[in-house]
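The exercises that follow ask for a careful reading of sheets, cavities, a pocket and a salt bridge. Each task is followed by a solution that goes step by step.

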Amino acid sequence: MIETLTHNPTFAWGAARAVIDIGSNTVRLVIYGGPLRAPVVLLNEKVTAKLGKGVAEDGKLSGKAMTNVLAALARYKAIIDLAGVGSVDVVATAAVRDATNGAKFLDRVTALGFAPRLLSGVEEAETSATGVIGAFPDARGIVGDLGGGSLELVDVADGGTSHGVSMPLGSLRLSGLRVGGDRTFARKVGTMLAKADWAAEPGVTLYLVGGSMRAFARAVMVRMNWPLEDTHGFTLDAAKAAEMARLLSRRGQALKPIEGVSTSRLISIPDTAALIAVLLRQLAPGRIVFSSWGLREGLLFGALSPDDQAQDPLVAGVTDFVTQVGITAAEGDAAVRWMQNVVPMARTPLGRAAVLLCLASGRVEPNLRRETPRAWGLRKRWIGVETSGRAILAAALQSCVSRGGSIADLVLLAPATNLCEAQSLGLAARLCRRLTAGCVPLIERTSLRIQAGRLSLESTEPALIGDSALRDLRELAQQMGLEVA
């Protein structure tokens, strides 16, 4: 069991935000709730209609595909209207953009009561990149979004996007482009990049977006016996990524079923891997990072106020999560202040998130406490954190609920020094939680400090400090290589 917390059942659907993405491969409805900066998916439904298949064959949307999409949209309209969803955004991308009958199709969508927007290639690229910036606020490099009909590339830096291009390299087109062999395929991709006047600074990060990209990431995780399942934030250095792309690009291979990857996505992995291999050679990034946030989340993030955009998404998401068991932001602030001079990591957004989760771990049912909090770090979908951050959250939570324990499986994911500090944070949070119950007035009556190489715990109310607190203090001191004052 990953989590025992559930979202408030009295959630107001009128405050929900819906996005309908009419793509080249699927038409999807996603309804979001929760905090603006870290939205929670309330409904995610798709129909694989393959609008782009007909466009690739004769330049038109096929009648069958349009019928399937319109039927799905009629259901989506009923859901939205009956639930009273307050905000709806409908966008169409490459297939409708490139089809000779795309305008007539949009007229039929409008007749259903929607107000669809047809995004240009540049708008599609920049909106997807905005989603990546929303997920990774410090993103700097290139965003590559692979859809059914097109591949978008755009530069990201300092919270902005530039130089967006769209090329006809969607997943539904790749198989045909590879018919002449991989050398010919590489030349075609190179020619498209040159025609688009698109080049990259070597060594930057390449952020990969799209269902086919995530399917490739899952296949890599399985091959590497990776301890995580969520592809969001999964990171590979360029050499390893190139090795895995070459391995998985072999045509004719029968890939074993992968949990969470549909049959159609599984079949697309070799072609996606071939494209990634070419992009790695042409763009020469230093590493690749997979993002579950793209076009749809870019629409949401782009509509936020500057103040909302400036919030840290990990802290926003964790704060919303822990409020469901009565942990408040004020309690998290107090606990951070209490330990930050002893464990500097607590001052960072990642450390603050870890502290909040550690406080919440004390509210988990005892029978689930040894497993559930650690799984929050490793398996729950958090935004604004990469692979190493997940490992740090897990190490802190494991120490908080089980007094240390092995972190051998986490060393693969994050530097050992960072994991050790995370263990110290978890033990400090354990001490704070058990000493004060996370109650702000109690936290403020105590202090944790290091003086002359000794760790001390003090209180204006000495009766607060009992034997259990002293045991926790000694364990924290031992973890940090200190003596107890």
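Two strands count as paired if DSSP finds at least two bridges between them. The model used throughout is a predicted one.

**Exercise 1. The five-stranded sheet**

Determine the strand order of the open sheet of five strands, and state which strands stand at its edges.

Step 1. The order is E3-E2-E1-E4-E5, and the pairing within this open sheet is mixed.

Step 2. E3 and strand E5 (117–118) each have a single partner strand and stand at the edges, so one side of each is left without a neighbour in the sheet.

Step 3. Strand E1 (residues 17–22) pairs with E2 in the antiparallel sense over six bridges, and within that pairing Arg-17 has Tyr-32 of E2 as its bridge partner.

Step 4. Tyr-32 also has a bridge partner in E3, namely Val-41; strand E2 (residues 26–33) and strand E3 (residues 40–48) run antiparallel and are joined by eight bridges.

Step 5. The hairpin of E2 and E3 has six residues between the strands, and in this hairpin Gly-34 takes a positive phi near 75 degrees.

Step 6. To place a helix against these strands, take helix H2 (residues 63–83), which lies across E1, E2, E3 and strand E4 (87–92) and runs at about 15 degrees to E2.

**Exercise 2. The six-stranded sheet**

Work out which strands form the edges of the open sheet of six strands, and how a helix lies across this part of the model.

Step 1. The six strands follow the order E8-E7-E6-E9-E11-E10, again with mixed pairing.

Step 2. Strand E8 (160–167) and strand E10 (235–237) are the edge strands, each pairing on one side only.

Step 3. Neighbouring strands of this sheet are turned by 20 degrees against each other on average, when direction is ignored.

Step 4. At the E10 edge, three bridges join E10 to strand E11 (residues 287–291), the two running antiparallel, and Thr-235 has Val-289 of E11 as its bridge partner.

Step 5. Helix H10 (residues 263–283) lies across E6, strand E7 (151–157), strand E9 (205–209) and E11, and its direction makes an angle of about 160 degrees with E6.

**Exercise 3. A hairpin further along the chain**

Describe the pairing of E12 with E13, and find the residue of their hairpin that takes a positive phi.

Step 1. Strand E12 (residues 446–451) pairs with strand E13 (residues 454–459) in the antiparallel sense, over six bridges.

Step 2. One of the partner pairs is Ser-447 with Glu-458 of E13.

Step 3. Two residues lie between the strands of this hairpin, and Ala-452 is the residue with a positive phi, near 55 degrees.

**Exercise 4. Cavities and the largest pocket**

Characterise the cavities of 30 Å³ or more, and then the largest pocket, by volume and lining.

Step 1. The structure holds two cavities of 30 Å³ or more, and the largest has a volume of about 390 Å³.

Step 2. The largest cavity is lined by 29 residues, and Asp-21, Asp-145, Leu-146, Gly-147 and Arg-296 are the closest to its centre.

Step 3. Two or more lining residues of this cavity come from each of E2, strand E6 (141–146), helix H8 (211–223) and helix H11 (295–302); by class, the lining comprises five nonpolar, 15 polar and nine charged residues.

Step 4. The second largest cavity has a volume of about 30 Å³, with a lining that includes Leu-36, Arg-37, Trp-293 and Glu-297 and that divides into six nonpolar, no polar and two charged residues.

Step 5. The largest pocket has a volume of about 1200 Å³ and 38 lining residues, of which Asn-44, Arg-214, Asp-230, Ser-292 and Arg-381 lie nearest its centre.

Step 6. At least two residues of the pocket lining are supplied by each of E2, E3, H8, H11 and helix H13 (313–322), and the classes are 15 nonpolar, eight polar and 15 charged.

**Exercise 5. A salt bridge between distant parts of the sequence**

Which elements hold Glu-152 and Arg-97, and what does their pairing tie together?

Step 1. A search of the whole structure finds 23 salt bridges, and among them is the one between Glu-152 and Arg-97, whose closest N and O atoms are 3.9 Å apart; the cut-off for such a pair is 4 Å.

Step 2. Glu-152 belongs to strand E7 and Arg-97 to helix H3 (residues 94–98), so the pair ties together parts that are 55 residues apart in sequence.

Terms used: Residues numbered from 1 in each chain as written. Predicted model: local features only at pLDDT ≥ 70, side-chain atom pairs only at ≥ 80, totals over all residues. Heavy atoms only, no water. Helix = DSSP H or I, 4+ residues; strand = E, 2+ residues; numbered from the N terminus. 1 Å grid on protein atoms, 1.4 Å probe; cavity = no way out; pocket = protein on both sides within 12 Å on 5 of 7 lines; lining within 4 Å. Points joined across faces, edges and corners; volume = space filled by probe spheres on them. Nonpolar A, V, L, I, M, F, W, Y, C, P; charged D, E, K, R; others polar. Axes fitted to C-alpha atoms, helices over the stretch in contact; angles between N-to-C directions. Contact = heavy atoms within 4.5 Å. Salt bridge = Lys/Arg side-chain N within 4 Å of Asp/Glu carboxyl O.
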